[in-house]
Amino acid sequence: MKILSILALIVTVMIPPFALSTSSPLRKRRTYLADDRRIHYEGRWDFIAQEGTGINIAQADWGCTAVHFQVAAFHDSSRVFSVSLMSIFSRISVKVTRFDGKVVHEDIIDQFGPVDYQIRLKTKGKYMVSFRKLTQPAPFGYGIGLELAGSSRVQLINVSTRRGVRLMQYKPQTTRRIQFIGASDMAGFCVDGTPDTPSDVATQASFMVTNCDEALPGLISEEFNAETSVQAESGIGVFQNALGSVNASLLGPFQMPELFPRTISVQEEPVYDSSLFEPDLVVISLGGNDFNNNPFPPEVSTFIDAYENFLLQVLDSFPENPPTIVSICGQGSPEDLLNPFNNRCGPCPFVEEAALAFQTKYPDTNTHYIFVTCDGSIVTGVDDIGCESHKNALGQSRVAEFLVPQLKDIMGWE
């Protein structure tokens with residue numbers, strides 16, 4: 001773990017030399033810094049001034065945060081641009097889409113440290129370019145692992161274009177916004193794993209198998225053409241985390257109510273300015289870890305009080321435009337029903353009771369509850385399980401297919 005800590009420190013302070021220059025006449029390069037208005041940020045990002053340069057860079061650690069920009073390719077010769085990033089225990093998806101909807105480039109960046117990612121466009125036209133962080137913020141937990149190894153972060157340094165490409169003024173592609181709050185399933189933990197993935201890889205290098213874009217946040221947002229903000233981390237609960245006090249040294253002392261206000265999940269400050277992202281819909285999948293894998297589960301009344309307080313916390317974040325809130329629970333396979341320590345549907349009666357109690361107590365709010373059964377009619381457990389008994393991309397898509405029609409009815413969306 002000490003080696004990982006040293007690596008995290010090194011990649012934090014290393015900035016590519018070209019990040020310090022805004023132009024390069026020899027290569028006819030134009031550089032757009034991270035705070036350029038032609039660059040659009042999705043999810044929670046923080047801007048920090050790089051020491052010694054005064055240049056702002058953007059950084060994020062929550063999963064599914066993304067950066068988008070639109071480019072025009074108009075020259076016959078070059079049509080090349082590059083993106084300067086810093087990747088720390090992260091994987092980043094890359095997608096380039098023509099304005100007619102055709103995807104012309106897809107990739108996943110899985111190298112750590114400074115990244116100078118170059119793309120050459122084959123034809124003239126206008127394109128949407130997206131870089132999305134796939135990994136959850138604290139792959140080593142918020143306890144001793146965070147102190148020794150650090151967190152998963154992405155930093156955007158700049159975007160550089162050569163002759164034949166320029167950034168356009170960004171035009172939003174949608175007005176819909178969805179916020180997802182949850183634990184491992186919502187974070188996409190083990191989506192890219194298999195039942196044969198070694199347990200030590202899945203738990204100690206979870207950034208290699210986590211993919212929020214192929215989990216509910218990515219799938220549902222794509223279905224509704226919505227921007228997303230994701231606050232999700234494995235093991236997180238509302239009142240207590242998985243394994244409770246037994247595992248506090250690893251998962252850390254924070255539950256979702258403490259993490260939710262943060263711009264960067266591993267930093268108390270700055271508190272996120274919720275006016276920057278006001279969701280139409282909030283989907284919450286929490287409560288399983290409060291009861292599962294816990295030798296001392298909470299009293300049901302204690303959990304209901306904690307759940308009520310958290311829903312109020314979410315609603316209080318958006319006083320001008322309170323969102324619709326949908327609580328979900330379940331999403332397991334029939335095998336989960338046989339597991340006394342991690343039965344995903346086991347805590348659902350308590351989550352349902354908490355959600356319905358909130359509806360009764362606060363009838364003017366727009367809150368709902370959806371149960372995702374574990375009987376095999378949605379997640380079969382045959383071909384849809386990744387590592388550590390969590391769903392792979394197919395399993396996540398089956399849950400999304402179940403939820404989308406109900407969310408359409410709730411929201412009145414097509």
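This is a short conversation about burial, strand pairing and salt bridges in a predicted model.

User: Happy to start with burial. Why is R132 called buried?
Analyst: Buried means under 20% relative accessible area. R132 has 14% relative accessibility, so R132 counts as buried.

User: And what makes D213 partly exposed?
Analyst: The class lies between the buried limit of under 20% and the exposed limit of over 50%. D213 has a relative accessible area of 25%, so D213 is partly exposed.

User: How do you know that D213 and R132 form a salt bridge?
Analyst: The rule asks for a side-chain nitrogen of Lys or Arg within 4 Å of a carboxyl oxygen of Asp or Glu. For D213 and R132 the N to O value is 3.8 Å, and their side chains meet in a salt bridge. D213 lies in the loop between helix 4 (199-204) and helix 5 (216-223), while R132 is in strand 11 (residues 125-133), so the pair ties together parts that are 81 residues apart in sequence.

User: Good, now R98 and D100. What makes them a salt bridge?
Analyst: Their closest N and O atoms are 2.7 Å apart, and the cut-off is within 4 Å, so the pair qualifies as a salt bridge.

User: Why do R98 and D100 get their exposure labels?
Analyst: Exposed means over 50%, and partly exposed runs from there down to the buried limit of 20%. At 27% relative accessibility, R98 is therefore partly exposed. D100 has 54%, so D100 counts as exposed.

User: Which labels go with the D36 and R38 pair?
Analyst: The side chains of D36 and R38 meet in a salt bridge, at 2.9 Å from N to O. Both residues are buried.

User: How many salt bridges does the rule give, and which residues are linked in a network?
Analyst: The count comes to twelve salt bridges. The network links D185, D336, R344 and K391.

User: Let's turn to strand 14. What makes it largely enclosed by the rest of the structure?
Analyst: Strand 14 covers residues 177-182, and five of its six residues are buried, so this strand is largely enclosed.

User: How do you know that strand 14 pairs with strand 15 and strand 16?
Analyst: Pairing needs at least two bridges between two strands. Strand 14 and strand 15 (residues 227-232) have six, in the parallel sense, and Q179 stands opposite S229 in strand 15. Five bridges join strand 14 to strand 16 (residues 281-285), and these two also run parallel. There, G182 stands opposite S285.

Definitions and conventions:
Residues numbered from 1 in each chain as written. Predicted model: local features only at pLDDT ≥ 70, side-chain atom pairs only at ≥ 80, totals over all residues. Heavy atoms only, no water. Buried < 20%, exposed > 50% of the residue type's maximum accessible area, 1.4 Å probe, protein only. Helix = DSSP H or I, 4+ residues; strand = E, 2+ residues; numbered from the N terminus.
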